[in-house]
Amino acid sequence: MGEIKVKEKEVVTPGDILASGMDYIPTDGAFRDGEDVIASQVGLVNIKGRLIKVMPFNGVYIPKMDDVVIGRVSDMTFSSWFVNVRYAYDGVLSLKDASSDYIERGADLSAYFAIGDYVVAKVTKVTKSMAIDLTMKGPGLKKLTTGTVVEITPQKVPRVVGKMGSMISMIKETTGCQVIAAQNGRIWIGGKEPKMERLAIEAIQLIEENAHKSGLTEKVKDFLTKGAKK
Amino acid sequence: MSYKKRFDGRKLTETRPMIAKIGVVKNAVGSAMFQIGKTRAIAAVYGPRELHPKHLQNPSSGRLRCHYNMMAFSGSGDRVRPGPSRRSKEISYVTEQALSPVLDLSSFPKTVVDVYIELVQTDAGTRCAGICAASMALADAGIRMKDLVTAISVGLVAGTAVVDLDYDEEAHEEGAVDIPVAMTPRDGQITLLQLDGDISKEDFAKALKLAKDACAEIYEVQKQALKEKYTEDKK
């Protein structure tokens with residue numbers, strides 16, 4: 001019979017034995033070595049039935065299909081843009097996925113996206129060698145012309161969003177800013193008042209610093225209400 | 001067998017006091033400090049990121065690249081000549097070999113993970129301290145690993161097997177043998193084994209046994225440091 005050696009939500013380090021026996025199946029952040037299931041990352045244990053997972057605290061962004069990301073245009077060719085999505089290599093946004101306009105041959109592509117522009121895009125394909133294809137066609141996908149982009153650890157994005165989007169809607173309501181949290185750890189904040197934009201950024205930084213602690217929602221709530229009064 | 005009492009009063013099987021800390025370099029993806037006695041190593045991990053020159057790229061896996069460096073003021077007395085040297089190149093290479101068996105970089109093809117190891121203060125056993133710090137920094141960076149790597153130097157001082165030699169012991173007038181060992185604590189696989197000096201088979205086995213016990217101790221220190229960062233003020 002299998003046996004679980006750790007508690008739910010326990011902090012584990014690489015090499016820790018999480019469970020023994022073939023009854024348990026390792027998923028993300030864990031692997032099998034003989035009879036044992038072993039952690040391969042520093043993170044929190046998550047046990048769901050027979051599946052054992054380690055949710056890492058830290059790391060770089062690894063593109064996945066259907067992720068919504070905020071990218072920065074880094075280069076362009078005659079028919080495509082290269083977009084930095086915080087992975088080692090740039091994603092490719094081809095002309096046909098960039099706009100539904102009729103674009104004449106030899107047109108100035110920088111009128112659409114220039115180098116340095118921030119865009120909200122979606123990952124359509126990631127090949128085995130990590131070539132990344134992006135699209136701008138879809139709801140909410142657009143060029144960002146105003147506001148601020150902040151960068152956080154990609155693993156902490158779920159905390160910024162909160163359960164069923166509770167955290168992010170709290171930030172939106174108290175500050176009156178629009179917020180887009182992308183999977184690659186870039187968060188766009190657009191508000192009418194610079195003061196409120198500043199407050200939203202500080203709230204997000206507070207979440208990042210305290211992402212692993214409990215009672216985070218209360219803490220952020222206090223911070224936001226205090227800040228909004230000033 | 002003249003060396004019975006150690007210069008600094010330690011037991012023969014006792015390591016110097018260890019301190020480990022995570023997240024000492026904020027700019028890096030992951031970082032760690034490991035101190036054993038007076039030897040202090042800082043490791044910072046950047047990546048996975050784009051690898052240049054391009055011919056080094058491996059289309060099926062990421063690469064590990066280590067950079068070992070002793071700071072100019074780190075020795076006791078003479079200034080260490082800064083910049084790469086034959087010695088630091090060799091140590092960078094063996095560090096790579098010591099760490100790569102536990103790393104899983106298969107999900108980052110064509111990239112590189114850079115590990116910068118700086119020795120702020122040195123008193124022998126620097127490559128081992130560097131490996132300990134680097135393995136913690138890699139874990140902190142969220143890179144998938146089969147295990148942490150622990151490293152310690154063992155050896156003979158005037159014919160007596162001791163663990164964790166400091167500089168005075170390495171320079172003992174009756175001669176010393178220095179054996180840096182790195183191993184994975186879970187299954188005891190050796191990933192680094194170097195030897196400087198003459199040693200008998202029996203003494204070697206004795207020294208290796210000492211290394212194994214010391215590595216178990218180091219592992220606890222490393223684990224504690226990694227967990228501490230995320231549990232500090234949780235009630």
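On a 1 Å grid over the protein atoms alone, a cavity is a set of points where a 1.4 Å probe fits but cannot get out, and a pocket is an open set with protein on both sides within 12 Å along at least five of seven lines; a lining residue of either has an atom within 4 Å of a point. The model toured here is predicted, and local features need pLDDT of at least 70, side-chain atom pairs count only at pLDDT 80 or more, while totals for chains, interfaces and linings use all residues. Residues are numbered from 1 along each chain as its sequence is written, chains are lettered from A and ligands numbered from 1 in the order in which they are written, and side-chain values use heavy atoms, with hydrogens and water left out.

**Stop 1: the cavity in chain B**

Select Phe34(B), Ile36(B), Gly125(B), Cys128(B), Ala129(B), Cys132(B), Ala151(B), Ile152(B), Ser153(B) and Asp164(B), which together line the largest cavity. Two or more of these lining residues come from each of strand 2 (30–36), helix 2 (126–140) and strand 6 (150–157) of chain B, where helices (H or I, at least four residues) and strands (E, at least two) are DSSP runs numbered from the N terminus. The space in this cavity is about 40 Å³, a volume being the space filled by probe spheres set on the points, with grid points joined across faces, edges and corners. The structure holds one cavity of 30 Å³ or more. Its lining divides into seven nonpolar residues, two polar and one charged, with Ala, Val, Leu, Ile, Met, Phe, Trp, Tyr, Cys and Pro counted as nonpolar, Asp, Glu, Lys and Arg as charged, and the others, Gly among them, as polar.

From the lining, pick out Asp164(B), which lies in the loop between strand 7 (160–163) and helix 3 (167–170) of chain B. Phi of Asp164(B) is near 55 degrees, a positive value in a residue other than glycine, and Asp164(B) is buried at 2% relative accessible area (buried means under 20%, exposed over 50% and partly exposed in between, with a 1.4 Å probe and protein chains only).

**Stop 2: the cysteines**

Stay on Cys132(B), which is buried with a relative accessibility of 0%. How far away is the nearest cysteine sulfur to that of Cys132(B)? The sulfur of Cys128(B) is 6.9 Å away, and Cys132(B) is in no disulfide, a term that requires a pair of cysteine sulfur atoms within 2.5 Å. Then select Cys66(B), whose sulfur is 13 Å from the closest cysteine sulfur, in Cys132(B), and therefore too far for a bond. Over all chains, the count of disulfides is zero.

**Stop 3: aromatic rings and a lysine**

Over all chains there are four aromatic pairs, meaning rings of Phe, Tyr and Trp (its six-membered ring) with centres within 6.5 Å, called stacked when the planes are under 30 degrees apart, edge-to-face when over 60 and tilted for the rest. In chain A, select Trp81(A) and Phe113(A), an edge-to-face pair with 5.1 Å centre to centre and 80 degrees between the planes. Trp81(A) sits in strand 10 (residues 80–84), and Phe113(A), 32 residues apart from it, in the loop between helix 1 (95–98) and strand 12 (118–126) of chain A. Both are buried, Trp81(A) at 0% and Phe113(A) at 6% relative accessibility.

Next, select Lys110(B), which lies over the face of Tyr89(A), at 5.8 Å from the ring centre; the rule asks for NZ of Lys or CZ of Arg within 6 Å of the ring centre and within 35 degrees of the ring normal. Lys110(B) belongs to the loop between helix 1 (86–99) and strand 5 of chain B, and its phi is near 70 degrees, a positive value in a residue other than glycine.

**Stop 4: the largest pocket**

Select Met55(A), Pro56(A), Gln155(A), Lys156(A) and Pro158(A), which lie nearest the centre of the largest pocket among its 45 lining residues. This pocket holds about 1,500 Å³ of space, and strand 8 of chain A gives the largest share of its lining, four residues. The lining divides into 20 nonpolar, 14 polar and 11 charged residues.

**Stop 5: two cis bonds in chain B**

Finish at Gly47(B) and Pro48(B), joined by a cis peptide bond with omega of about 5 degrees; Pro48(B) is in strand 3. A cis peptide bond also joins His52(B) and Pro53(B), with omega of about 0 degrees, and Pro53(B) is found in the loop between strand 3 and strand 4 (63–70) of chain B.
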